[in-house]
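Let's take a walk around a protein model and see what sits where. Have a look at the picture first, then read on.

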Amino acid sequence: MNAKELIKNLPDYQCQQNLDMLNIKHIEMDHRLLKENSLFVCIKGYTVDGHQFAEAAVENGATVIVAEKELDVSVPVVIVPDTSRALAHLANNFYDHPSSKLKVIGVTGTNGKTSVTNIIDEIHHYAKQKTAIIGTIQMVIDGESHPVKNTTPDSLFLQKNLHQMVEKKIDVATMEVSSHALDLGRVHGVDFDIAVFTNLSQDHLDYHQTMENYLFAKSLLFSQLGNTLKHERPKYAVINQDDEHAEFLNRVTAQPVLTYGVQNKASFQAVNVELMANGVSFIMKTPKGNVPIKSKLMGMFSVYNLLAAATAAYASGIELDIIQHVLNNTTGVKGRFQPVEHKQDFGVIIDYAHTPDSLENVLSTIKRFCAGNIRVVVGCGGDRDRRKRPLMAEVACQYADQAIFTSDNPRSESSQAIIDDMVEGLKHNNYQTILDREEAIKQAIEQANDKDVVLIAGKGHETYQIVGDKVLDFDDEQVAIKYLN
Ligand SMILES: CC(=O)N[C@H]1[C@@H](OP(=O)(O)OP(=O)(O)OC[C@H]2O[C@@H](n3ccc(=O)[nH]c3=O)[C@H](O)[C@@H]2O)O[C@H](CO)[C@@H](O)[C@@H]1O[C@H](C)C(=O)N[C@@H](C)C(=O)N[C@H](CCC(=O)O)C(=O)O
Ligand SMILES: Nc1ncnc2c1ncn2[C@@H]1O[C@H](COP(=O)(O)OP(=O)(O)OP(=O)(O)O)[C@@H](O)[C@H]1O
Ligand SMILES: N[C@H](CCC[C@H](N)C(=O)O)C(=O)O
Ligand SMILES: [Mg+2]
């Protein structure tokens with residue numbers, strides 16, 4: 001693509017040099033990945049400043065540099081106020097606005113994004129559409145899995161892969177949209193068709209500082225839901241009417257809103273909800289009549305996830321009988337309320353609860369059916385929201401009979417210091433500390449009696465433990481099976 005053409009829609013840029021004759025074949029933000037005839041965008045990161053690689057980038061094949069300041073290099077430099085935002089524009093332009101050629105469904109909220117995106121994807125797949133999904137666990141394009149680094153990738157990776165999806169004739173892409181991504185502009189320029197809100201509770205205050213900022217970041221998905229009409233269908237915001245922030249999000253979007261909920265009247269409302277030991281059942285009231293649902297997913301939080309997915313699929317034009325079939329048959333996502341069954345006479349559940357609210361949801365669900373004692377193994381991530389630590393410890397001790405506090409990706413912090421934060425001010429004493437996660441799981445399993453339930457929380461599908469900058473192999477499920485043997 002011609003360089004001048006590529007940058008022409010940037011809202012605010014300066015460039016003294018002539019770009020007329022430059023043909024750009026690639027865009028790159030990492031100088032180590034550069035090829036010939038590339039445009040390199042210098043990003044000021046949290047670890048390093050990409051501007052320092054400008055010279056090396058030219059050696060590696062960059063023929064244009066996009067930067068926030070003048071640079072002494074032998075190729076033209078385009079100066080912009082914010083390179084991250086410029087990258088989102090450039091990538092969208094370079095890949096010819098791929099999100100305008102696909103249906104894109106974005107799901108945001110503190111908890112439930114991975115669960116809801118997977119159900120939405122399953123529904124579209126069952127409706128014989130070609131689907132793709134981007135989220136915490138992986139990116140899947142028409143059945144082919146690709147690894148991901150972030151829940152919501154940077155704008156370059158995102159636009160490149162949306163383009164791949166267009167090439168592969170994908171009908172609908174469902175993606176998790178994290179608050180970090182919204183705040184950092186990773187999804188700028190993505191033309192969403194449907195925006196879904198699950199819930200908002202405490203997490204990520206290390207990044208957002210206040211709950212107001214966190215809510216504001218989440219709301220950007222709804223204010224960014226544009227006016228373009230794609231596939232001859234209107235756009236929709238899908239909002240959890242039982243969440244205290246529902247009214248605010250309702251006002252933020254200019255598009256029609258479909259709501260879902262249990263307690264409050266909603267477009268999709270669950271009534272006659274029964275929480276059972278092997279799933280949930282309810283009547284789903286919809287704008288087109290009542291639909292009975294009996295799902296294998298557990299707990300009230302799953303009722304919300306099922307409703308969110310059903311409402312989004314309805315907004316996407318899927319028939320209710322297809323939605324009903326998938327809700328009744330979905331078996332959920334790896335590491336989300338996942339039982340480990342190994343001939344033992346007590347329960348073992350692996351779950352990704354890593355916030356106070358999700359831990360409370362999962363433990364209260366277990367409490368409903370557990371005839372013995374609940375034992376929870378849990379830790380808090382290092383270099384993440386410190387303020388959620390004592391709240392998670394409080395929930396663990398309040399709902400479980402015995403809590404074992406252990407390590408969960410300590411990253412640059414010491415595991416002991418993280419647990420010190422967890423137990424500070426804790427009034428309960430039904431806990432012990434075992435820093436080594438394998439030993440903690442072993443102890444919980446060895447101490448479990450008939451009818452007890454052991455909840456191993458926080459890491460879900462993860463198959464690693466991040467200690468310092470090392471990523472060590474660690475899989476809660478494998479460790480549990482080892483000691484169940
Ligand atoms: C804090 C944060 O968001 N960091 C993201 C950021 O990394 P960074 O700022 O450290 O990047 P950096 O290493 O300083 O590099 C700066 C620039 O220099 C370039 N570079 C770097 C080194 C080099 O030799 N050459 C070079 O060109 C890099 O390619 C980059 O363009 O940019 C990277 C590339 O896009 C991201 O992968 C990375 O996410 C890290 C892994 C992360 O942990 N992010 C978390 C906080 C996050 O975003 N989480 C949310 C989920 C939250 C939730 O809802 O649970 C998510 O969406 O994943
Ligand atoms: N709707 C919900 N409300 C509260 N808790 C939930 C809900 N859905 C799932 N959970 C809990 O949150 C955990 C994480 O669920 P899920 O992975 O779907 O959330 P997520 O929003 O994708 O998380 P992340 O921010 O890490 O990507 C689950 O293991 C479960 O404990
Ligand atoms: N997306 C979340 C995942 C947390 C998972 C937990 N195992 C941890 O490492 O804290 C985060 O990065 O905050
Ligand atoms: Mg997720």
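## Around ligand 3

Which residues are around ligand 3? They are His204, Tyr352, His354, Gly381, Arg384, Asp408, Asn409, Arg411, Gly458 and Glu462, where "around" means having a heavy atom within 4 Å of the ligand. Sorted by class, that shell has one nonpolar, five polar and four charged residues. Here Ala, Val, Leu, Ile, Met, Phe, Trp, Tyr, Cys and Pro count as nonpolar, Asp, Glu, Lys and Arg as charged, and the others, Gly among them, as polar.

Before going on, keep in mind that this is a predicted model, where local features need pLDDT of at least 70 and side-chain atom pairs pLDDT 80 or more, while totals for chains, interfaces and linings use all residues. Residues are numbered from 1 along each chain as its sequence is written, chains are lettered from A and ligands numbered from 1 in the order in which they are written, and side-chain values use heavy atoms, with hydrogens and water left out.

Now for the polar contacts (pairs of N or O atoms within 3.5 Å). An oxygen atom of ligand 3 is 3.0 Å from a side-chain N or O atom of Arg384, and a polar side-chain atom of Arg411 also lies 3.0 Å from an oxygen atom of the ligand. Gly458 joins in with a polar backbone atom, 2.9 Å from a nitrogen atom of ligand 3. On its own the ligand exposes 350 Å², and the protein buries 87% of that (areas come from the Shrake-Rupley method with a 1.4 Å probe).

## Around ligand 2

Ligand 2 has 21 residues around it, and Lys113, Thr114, Ser115, Arg336 and Asp351 come nearest. Its oxygen atoms have polar partners too: a side-chain N or O atom of Thr136 at 2.8 Å, one of Glu176 at 3.2 Å, and a backbone N or O atom of Tyr352 at 3.1 Å. The protein covers 95% of the 630 Å² of accessible area that ligand 2 has alone.

Which helix gives the largest share of this shell? That's H12, with four residues (helices are DSSP runs of H or I, at least four residues, and strands are runs of E, at least two, numbered from the N terminus).

## A six-stranded sheet

There's also an open sheet with the order E16-E17-E21-E18-E19-E20 and mixed pairing (two strands pair if DSSP finds at least two bridges between them). E16 and E20 stand at the edges with a single partner strand each, so one side of each has no neighbour in the sheet. Further in, E18 and E19 pair in the parallel sense over four bridges, and Val377 stands opposite Ile404 in E19.

Note on methods
A polar contact is a pair of N or O atoms within 3.5 Å; within protein, one must be able to donate a hydrogen and the other to accept it, and residues adjacent in sequence count only if both atoms are side-chain atoms.
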